[in-house]
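The following exchange examines how terms are applied to a protein model. Each answer sets a value against its definition.

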Amino acid sequence: MQGQTKSISFDGREIRLTTGRYAPQAGGSVMVECGDTAVLVTATQSSGREGIDFLPLICDYEERLYAAGRIPGSFMRRESRPPERATLIARLMDRPMRPLFPAWMRDDIQIAATCLSLDERVPADVLAVTGASMSTLLAGIPFNGPMAAVRVGLLGDDFVLNPSYREIERGDLDLVVAGTPDGVVMVEAGANQLSEQDVIEAIDFGYEAVCELIKSQQSILKETGLTQVQPEEPASDDTVPNYLEKNCSKSICEILKHFEQTKEERDNKLEEVKNNISDTIDGLKDDNAVKKSVAVNNKLLGTSFKALTKKLMREQIIKEGKRVDGRNLDEVRKIESAAGVLPKRVHGSALFQRGLTQVLSTATLGTPSDAQEMDDLNPNTEKTYIHHYNFPPYSVGETRPMRSPGRREIGHGALAERALIPVLPAKDTFPYVLRVVSEVLSSNGSTSMGSVCGSTLALMDAGVPLKAPVSGAAMGLIKEGKEIRILTDIQGIEDFLGDMDFKVAGTEKGITALQMDMKITGLPVKTVAEAVNQARPARIHILEKMTEAIDTPRESLSPHAPRLLSFRIDPELIGTVIGPGGRTIKGITERTNTKIDIEDGGIVTIASHDGAAAEEAQKIIEGLTRKVHEGEIFTGPITRIIPIGAFVEILPGKEGMIHISQLSEARVEKVEDVVKVGDEVTVRVREIDNRGRINLTLRGVPQHGEDLHSEPSPTPVAPLT
């Protein structure tokens, strides 16, 4: 079980790649370690399947809670369906790997990463991405790698390579860069309204480290005597593609240059051209080479027609600078937006439309107990801002079963969530838990950025005091040889037939989120920078259109939203508020008809639709936690009587006792001879015993309108409220 370990050191961190020791029956395997984080990544290839026209690549990321010394919290006490964070890491592996496989490959490929140990100083996700490349190379799978990924943080003015969870939380940037020898192939980032220049410098900084990891993978291959398998496209029959190019190019070009038509009209015309050429081929003689090729492979005609359409559309953009809808390369589609489109039982709502992409977003305000508990390896155990994204089949005019959200829905929701987190109000000033749901009603490109825009409007409609509104735009790219064209606000066909989908979200001040995916093997940082800079005027234009619908948050919340009061108490007194078995806090909630949450740090949040009831609960809790000192004077009612004395509520929820000997200067035979339940009395704190019990006295304290200042008192009277 001896293996080979290669260590790479940069920026004070050491990454160890161990090969040849684990999972010997997998096609290729590598253990990637940094600190005490260890991720086993394997890659396995199976022979191709008949009848498929895509690459069946599966990337999985598995979490084992023993990696953090924990037992799963489910009823079965074992891991079941992956948590959302694991799904997002699986996507993080898939996105830079997929474009690096040859387009002609049809073999089943599965890359599985399993986190076996987690060090809270070292996130496992970027290790899994780098491990995906190394294991694929070791498996001898045709692959345009190596590829590697690093994380870049920003603390103060300094970039930090592969920061810890705590440094990510404290910093202003959380950026993952993946790249190949050809350039950057994937970017994923959340930022605290950073300038375009700061983000570009961070990408450049990260790519330098990526190059070091790429060299290390090449070194391992050399030391193990393995040769990287170079992808070689199998010989193909060009008979059908050449026939289509000769007979269909003119018709397709005319359709692509008819800028006034709708997407549906364009799709129908292209389908008509394809059907006509299909009928023409059917009418050819049986010994015709074109007819024979189509007969052998019934998907060949559709695949070749799609490839020709892609080629002609790209040529039109490169040579003429015109897109299929007639826009210039840097032009944004028509924008319409509206806030408050649903009744106020929905706490906040908005409709955002850009071109044919339409998103309905809603915002719901909840109490702290509505926070989502996270049962995964991430140190953060709860979420107080949740963004969900739904993509129903009718949004693209299709039919399919509507099941639970897939990886795409989870990923798009997480991107929109990340874009808005930097502008949310602080928890101590706005303690609501927020859930935003974006329903894609119509899709023609950039629905995730439409979700960002619609969600911003919905939150403002709900009265959430955002620091600034956020907008987003998706950038595209066409690369033919040395010719490169960057497209602003891509629509569906440009995403499908282009080389890049680069989503940029942010405020007028700066960027809050990035996500870049490629269909080619990499881009120079210079080209990435051009796309980032070109996105800014688009974002600002979109922001201006959004603020025509609503420019500031509503001054009042929906009448159906809960009202929250939040304040802090001494954490040592939390037990006093909760009481034995929770009896005290339960009594307060029943008495005031409120909902009360107390965090470990001492933050108390009271929720109620009745503001007066919430204030009453606050006074009771403040009374329970207010420290009482000897000599203070209070006025309050007699709440109960026992043979040896009477109890007085000196503060809401807090009682002290007057011993029978302290009821009068004279001897008292029976407590009821002096006071009755309900009487208002003014008392002085005589002492607080070693068990915290408050002992009171009436002796020498003026009553019923007598001069309370006839005797000096340490503090003013605190009347019962």
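The questions below concern helix α9, the nonpolar cores and selected loop residues.

This is a predicted model, in which local features need pLDDT of at least 70, side-chain atom pairs count only at pLDDT 80 or more, and totals for chains, interfaces and linings use all residues. Residues are numbered from 1 along each chain as its sequence is written, and side-chain values use heavy atoms, with hydrogens and water left out.

Q: Why is Asp489 called buried or exposed?
A: Buried means under 20% relative accessible area, exposed over 50% and partly exposed in between, with a 1.4 Å probe and protein chains only. Asp489 has 0% relative accessibility and therefore counts as buried. Asp489 lies in the loop between β19 (483-488) and α11 (492-497), and its phi is near 55°, a positive value in a residue other than glycine.

Q: How does Asn593 count, as buried or exposed, and why?
A: Asn593 counts as exposed because its relative accessibility is 69%. This residue sits in the loop between α14 (583-592) and β23 (595-598). Although Asn593 is not a glycine, its phi is positive, about 55°.

Q: How do you know what span helix α9 should have?
A: Helices (H or I, at least four residues) and strands (E, at least two) are DSSP runs, numbered from the N terminus. The expected span of a helix is 1.5 Å times one less than its number of residues. For the 14 residues of α9 (residues 407-420) this gives 20 Å, and the end C-alpha atoms are 20 Å apart, so the two agree.

Q: What makes α9 mostly covered?
A: In α9, 10 of the 14 residues are buried, including Ile410, Leu415 and Leu420. Contact means heavy atoms within 4.5 Å; what covers the buried residues of α9 includes α1 (84-97), α10 (447-461) and β20 (500-506).

Q: What makes a set of residues a nonpolar core, and which members of the largest one touch the most others?
A: A nonpolar core is a set of buried Ala, Val, Leu, Ile, Met, Phe, Trp, Tyr and Cys residues joined through side-chain atoms within 4.5 Å. The largest has 92 residues, of which Tyr61, Phe101, Ile111 and Phe502 touch the most other members. Helix α4 (residues 196-224) gives the most to this core, with 11 residues. Another core, of 42 residues, lies apart from it, with Val452 and Ala513 among its members.

Q: What makes the peptide bond from Gly145 to Pro146 cis?
A: Its omega is near 0°. Pro146 is placed in the loop between α2 (125-138) and β7 (148-155).
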